[in-house]
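Hi there,

Here is the structure I promised to pass along. Have a look at it first, and my notes follow underneath.

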Amino acid sequence: MSDIWSFLLQTLTASGAAVVLLAVKAMLRDKLSPRWQFAAWGVLALVLAVPAGLGGRYALMNWPLAVEFLRSLLTEEFGALARASVPVPLPQFAGPPRTGAEWAYAVYLAGTVFFLGRYAVSYLRLRLALRRGTPAGEARAALIRETAERYGLPVCPAVEVEGLPSAFICGVLRPVLALPAGEETDEKVLLHELLHLGHRDAAWGLLICLLRCVHWCNPLLWYCADLAGNDLESLCDQRALERLEGEDRRDYGRILLSMANEKYARTPGTSSMANGGKNIRRRIEAIARFKRYPAGMALVGVCAVLVLAGPCLVGTRAQSVYTGARGPLPQRLRPYAAMASARTTPCTTYAGAFDTYAKAMLAENPVYLAMCTPLEDQDRLWISARMRRASRLESWDSVRMPRLESFTVDRQSGYRLYNLRPVENGAYEGLLVLEPDTIAPWVEKELPPWDGTVHSRYLAIQPLRAEKQGDRWVILPLGDFQVVQGDERDTGNLGLPAWTYEAQCGDFTLRMRYQTVAYAEVRSVRMGAFLSNAWTFDTTPKPGGQFINGYYSIDLTAVYTGDPADRASILSVGASCAPMEAGGERPELQRGMGNSSGSNSTGSIWGFRDDFDWAMHGDEIRLGGGGVGGSGGSEPWVYPPPDCCAADFYLNGEKIGELTLLVVEGGLP
């Protein structure tokens, strides 16, 4: 914890776990033995010991959302998220506090130091008092040894001190049994304290005191610390009663009254009763109804603790984002809540980041955009999306995205991601393709004339990069949107970029285009008019989704570069190629004849033509094309381009060259 927001995140997370724990303990108060009543506090101890939000999961509910909402509302800062990297406060030495948040954290640190010092002074005073004491007399020492031997418990040095109201254990590493001077100590009192010694209960008391200091301003956790101390004493009572019989058990409650110690209550590193005599009555009532719990109740205790640990420790992730369009919050607060929701719902996969960005463009929703924007850029996003003005709106629909000023998007056409591939440092790049609904006049004037073919349409394209920053995937645009004319065929979209491979063989250039398209599972069926089904595009982001369906296409072309006068001697042209690794072994290629073409799922393609028309097609002879669609099932879909391709080139039925096709053009503009 390095600022007041990370402290709030940690203490609120622990408070949520504490509420559940208290409710369960109240329901099972008479069902579980003191052993399991105290063991249940281990769940809260683990929640306090583990940094809140570890692994992106939240205990019980989305606590970071509450913290981010409060911080954005008070400071309008949208930088790094509040993170509790460690569960204890870390001092800051960057200079004196400047902001209100820094002053609040300074006050919190001062309070932590104060309580640590207070407990340290209390312990040192007690240690000094024990040093002024005298070793226990022979009679007392003999009684202590006899008690320890009878019940199989360890012993430690005993000291008699004037003014002590009762006996207790002091110290964790070098424990001492403190006894009131000049008074007889009952054997049952010695049993109680030796049980504390044997089970190292002083260490638990020290841990409880440390947690009090770290969360000194959280009254709920102080209350839990009191109850944990009481349960520790009740557990020790239970252990003592299990060793006593008959009249000794009945006397134990009476003797318990003499063990209340208000003078050294809550002193860390001791077995002094946590709350003095305030809870003696409850402990005596527990003693009065003492019973030996059956063996089967241990299993019940284990199950109760495990069931309790599930939601408190494993927690949950945010499943959806609040857009701020509706809700019980006043309109002025909705943008802050929406921004906090987006920032605490990170994209956990690269496909989820691409999907979220694309749907932010489709829905023109800056909240979605915040989910996949780097944290350091979200202050600018808040301003550029004019969210302050949006606080006066009923919905986000009136907030235009600054990146879509030259066209509007056809939402129901969805999006496609072309040429997805992994790049350096574990990142991914791809070309986002949207279909415009309307285009600004000044943009349309600069576009090439519409060719009128059934395959052509205007498309808006933008190259994107997804990379992982911390525990979230973010999108980095590699350029602005461009409107182009696409030409979609069965061998890919000829109007969009593709990886182009080339090699020269005599008077021909052999060229291969490789293009991929990734699809998300985004369409759903809705009931249309007259009970008919209609397809609609789901514009809700899936920040943890995967691209499990896709398609890759290949187009093979031979381009004549020789003397036009020699065309008459060319009767047939053919080629066969297959992907290969750079410097790898050359694959065996398909040989064909006549007019034939084909491809297979390994990426191999072949085409042979003897019916081309130079007058119609010019110098380009399309040999063949094809593609393969596929689903990765539960695995992400990605077909990266091959390093290079091996090819055989045929002229007039004879193989005249073995080529290696190399990339001359990448898959992004």
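At what angle do the axes of helix α7 (residues 187–198) and helix α9 (residues 219–243) cross? The answer is roughly 120°, and the axes come within 9 Å. An angle of 65 to 115 degrees would have counted as roughly perpendicular and one over 145 as roughly antiparallel, so α7 and α9 are oblique to each other. The crossing of α7 past α9 is right-handed. On the α7 side, Leu 191, His 192, Leu 195 and His 196 make the contact, and on the α9 side Leu 232, Glu 233, Cys 236, Asp 237, Arg 239, Ala 240 and Arg 243 do. Sorted by class, that contact has five nonpolar, two polar and four charged residues.

Please keep in mind that this is a predicted model.

**The other helix pairs**

α7 also packs with helix α6 (residues 138–151): the two axes come within 10 Å and cross at roughly 65°. This crossing is right-handed. From α6, the contact uses Leu 143, Ile 144, Thr 147, Ala 148, Arg 150 and Tyr 151, and from α7 it uses Glu 187, Leu 190, Leu 191 and Leu 194. The classes here are seven nonpolar, one polar and two charged residues. Leu 191 is thus listed in the contact with α6 and in the contact with α9.

α9 has another partner in helix α8 (residues 201–214), with the axes 9 Å apart and an angle of about 170°. Angles over 145 degrees count as roughly antiparallel, and α8 and α9 are therefore roughly antiparallel to each other. Asp 201, Trp 204, Ile 208 and Arg 212 are the α8 residues involved, meeting Trp 222, Ala 225, Asp 226, Ala 228, Gly 229, Leu 232 and Arg 239 of α9. This contact divides into six nonpolar, one polar and four charged residues. Leu 232 and Arg 239 of α9 take part here and also in the contact with α7.

**The protein as a whole**

The protein has 19 helices and 23 strands. Of its 669 residues, 49% count as buried. Taking contacts between residues at least 6 apart in sequence, 73% join residues at least 24 apart.

One helix to look at for burial is α13 (residues 334–343), where 10 of the 10 residues are buried. The buried residues of α13 include Arg 334 and Arg 343 at its two ends, as well as Tyr 336, Met 339 and Ser 341.

**The nonpolar cores**

Which residues have the most contacts inside the largest nonpolar core? They are Tyr 350, Phe 354, Tyr 357, Leu 432, Leu 434 and Phe 547, in a core of 49 residues. Helix α14 (residues 350–363) gives the most to this core, with 10 residues. There is also a second, separate core of 28 residues, which includes Trp 499, Ala 575, Ala 647 and Phe 649. As background, nonpolar side chains tend to be buried together in soluble globular proteins.

Phe 354 is a good place to start browsing. Leaving aside neighbours within four places in sequence, Phe 354 is in contact with Leu 417, Leu 420, Tyr 428, Glu 429, Gly 430, Leu 464, Ala 466, Ile 475 and Phe 547.

From there you can step to Gly 430, which lies in strand β7 and counts as buried because its relative accessibility is 0%. With neighbours within four places left out, the contacts of Gly 430 include Phe 354, Asn 419, Gln 462, Pro 463 and Leu 668. Gly 430 and Leu 668 are 238 residues apart in sequence, yet 7.2 Å apart in space, C-alpha to C-alpha.

**Two asparagines with positive phi**

Most residues other than glycine have a negative phi. Asn 419, however, has a positive phi of about 55°, and Asn 425 has one of about 60°. Are these asparagines buried or exposed? Asn 419, in strand β6 (residues 415–422), is buried, with a relative accessible area of 1%. Asn 425, in the loop between β6 and β7 (428–434), is exposed at 76%.

Happy browsing, and write back with any questions.

Best wishes

How values were computed
Residues are numbered from 1 along each chain as its sequence is written. This is a predicted model: local features need pLDDT of at least 70, side-chain atom pairs count only at pLDDT 80 or more; totals for chains, interfaces and linings use all residues. Side-chain values use heavy atoms; hydrogens and water are left out. Axes are lines fitted to C-alpha atoms, for helices over the stretch in contact, and angles run from 0 to 180 degrees between N-to-C directions. Helices (H or I, at least four residues) and strands (E, at least two) are DSSP runs, numbered from the N terminus. Angles under 35 degrees count as roughly parallel, over 145 as roughly antiparallel, 65 to 115 as roughly perpendicular and the rest as oblique. A crossing is left-handed if the near helix is turned anticlockwise from the far one by less than a right angle, and right-handed if clockwise. Contact means heavy atoms within 4.5 Å. Ala, Val, Leu, Ile, Met, Phe, Trp, Tyr, Cys and Pro count as nonpolar, Asp, Glu, Lys and Arg as charged, and the others, Gly among them, as polar. A nonpolar core is a set of buried Ala, Val, Leu, Ile, Met, Phe, Trp, Tyr and Cys residues joined through side-chain atoms within 4.5 Å. Buried means under 20% relative accessible area, exposed over 50%, partly exposed in between (1.4 Å probe, protein chains only).
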